[in-house]
Amino acid sequence: MKIRKIISYLLAIIFVILISATILLSMVNAVVFSKSNLKKQLDKVDYYTQINTIIKEASNNYIMQSGFDESIMDNVVEKEKINEDINNVIDSIYNNEELTISTEQIKTKLNKNIEEYIQKNNYKVDNKTQKDIEKFEDKIEDIYANNITYSKSTIKKVAKYFKMAKRMTRVALVAVSILAIIFAIIIYKVNKPTFGISLISTGIICIFIKFYSAINVAVNNILVLNKAFSNFAISLINQVIQYVFVSGIVLTVIGILLTILFEKKNTSNEE
């Protein structure tokens with residue numbers, strides 16, 4: 001009898017690990033590897049507007065050094081262009097495609113604004129000044145491209161490993177789910193109440209993750225690349241934690257109900 005209990009406890013521990021892994025892999029697959037969800041999170045944190053602000057601030061800092069004023073950036077970087085290019089970055093990562101970000105439109109508008117600014121202020125442009133203007137335009141292009149893509153080579157590597165990670169996550173999810181079902185059947189046959197307790201244990205672990213203050217503090221203080229990307233990363237992680245929390249509540253409730261049901265049946269059988 002003791003051996004039977006020990007076996008059931010060991011099976012329960014493994015089952016808890018398998019259910020926890022299934023939940024986590026499911027959430028990662030639904031949150032991180034879903035392109036539609038990712039774009040929703042970008043909208044939720046107003047990522048496009050934040051990037052627009054970062055580009056403007058970086059450009060304005062450089063404009064002050066150049067001697068121009070902020071008016072030369074009027075209508076140069078439009079939100080629609082930012083939206084389109086960021087979506088191209090996402091498509092490139094998810095589809096493992098070559099990323100192409102065109103800055104020609106930005107350079108054309110900027111050049112036009114500079115020419116109007118020069119004419120309005122009656123500035124003389126010699127060869128040296130013209131070269132300085134071209135360097136300035138190249139710098140603004142770089143500021144835009146770097147804040148949209150961060151790094152084309154990095155995006156290319158991310159796209160490659162992203163596809164691999166997605167495939168491995170799905171394979172792992174299938175394997176873990178099958179094992180969880182097998183262990184669930186074994187536990188059900190060996191000791192039914194243990195099945196319910198296993199679900200309760202898993203649910204408590206999931207709920208604990210949500211309320212563990214140290215994890216919440218760490219998540220909300222993430223700083224990667226820039227504030228916009230950090231807010232986006234935080235949003236994704238918190239979404240996973242929230243889904244895990246909801247799963248924990250559901251599992252705890254189901255576990256309690258099943259434990260009560262199985263214990264009643266055992267009591268009835270003993271009588």
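Colour the chain by burial to begin: 38% of its 271 residues count as buried. The model is predicted, and the values at each stop are computed from it. Switch to a surface view next. The chain exposes about 16300 Å², and carbon and sulfur atoms supply 60% of that area.

**Whole chain**

Select the chain and show it as a cartoon. There are 10 helices and 0 strands, and read along the sequence the pattern is α-α-α-α-α-α-α-α-α-α. The radius of gyration is 28 Å, well over the 18 Å that the globule rule gives for 271 residues, so the chain is more spread out than a compact globule. Reduce the display to the C-alpha trace and align the view to the principal axes: the trace spans about 105 × 35 × 25 Å.

Now draw contacts between residues at least 6 apart in sequence. Of these, 83% join residues at least 24 apart.

For the charges, mark the 33 positive and 26 negative ones. Their mean positions lie 14 Å apart.

**T22 on helix α1**

Select residues 2–31, which make up helix α1, and pick out T22 within that helix. Is T22 buried or exposed? Its relative accessible area is 16%, under the 20% cut-off, so T22 counts as buried. Leave out residues up to four places away in sequence and display what T22 touches: L173, V176, S177 and A180.

**The aromatic cluster**

Select the aromatic rings. How many aromatic pairs does a search of the whole structure find? The search returns 7. One of them is Y47 with Y48: the ring centres are 6.5 Å apart and the planes stand at 80°, so this pair is edge-to-face. Y47 and Y48 are both buried.

Keep Y47 selected and add F232. These two form a tilted pair, with 6.0 Å centre to centre and 55° between the planes. Which helices does this pair connect? Y47 lies in helix α3 (residues 47–66) and F232 in helix α10 (residues 227–270), so the pair ties together parts that are 185 residues apart in sequence.

Check the accessibility of each partner. Y47 has a relative accessible area of 4%, so Y47 falls under the 20% limit for buried. F232, at 7% relative accessibility, also counts as buried. Add F229 to complete the view: Y47, Y48, F229 and F232 form one aromatic cluster.

**Two loop residues with positive phi**

Most residues other than glycine have a negative phi. The last two stops depart from that pattern.

Step back along the sequence to D46, in the loop between α2 (35–44) and α3. Its phi is near 55°, a positive value in a residue other than glycine. The relative accessible area of D46 is 37%, so D46 is partly exposed.

Then move to N75, in the loop between α3 and α4 (79–95). What is the phi of N75? It is near 60°, again positive in a residue other than glycine. Because its relative accessible area is 59%, over the 50% cut-off, N75 counts as exposed.

To finish, show D46 and N75 together with helix α3. D46 sits in the loop between α2 and α3, while N75 sits in the loop between α3 and α4.

Terms used. Residues are numbered from 1 along each chain as its sequence is written. This is a predicted model: local features need pLDDT of at least 70, side-chain atom pairs count only at pLDDT 80 or more; totals for chains, interfaces and linings use all residues. Side-chain values use heavy atoms; hydrogens and water are left out. Helices (H or I, at least four residues) and strands (E, at least two) are DSSP runs, numbered from the N terminus. The radius of gyration is taken over C-alpha atoms; the globule rule is 2.2 Å times the number of residues to the power 0.38. Buried means under 20% relative accessible area, exposed over 50%, partly exposed in between (1.4 Å probe, protein chains only). Contact means heavy atoms within 4.5 Å. Accessible areas come from the Shrake-Rupley method with a 1.4 Å probe; for residues, only the protein chains shown count as cover. Lys and Arg count as positive and Asp and Glu as negative; His and the chain ends are not counted. The place of a charge is taken as NZ of Lys, CZ of Arg, CG of Asp or CD of Glu. Rings of Phe, Tyr and Trp (its six-membered ring) pair if their centres lie within 6.5 Å; planes under 30 degrees apart count as stacked, over 60 as edge-to-face and the rest as tilted.
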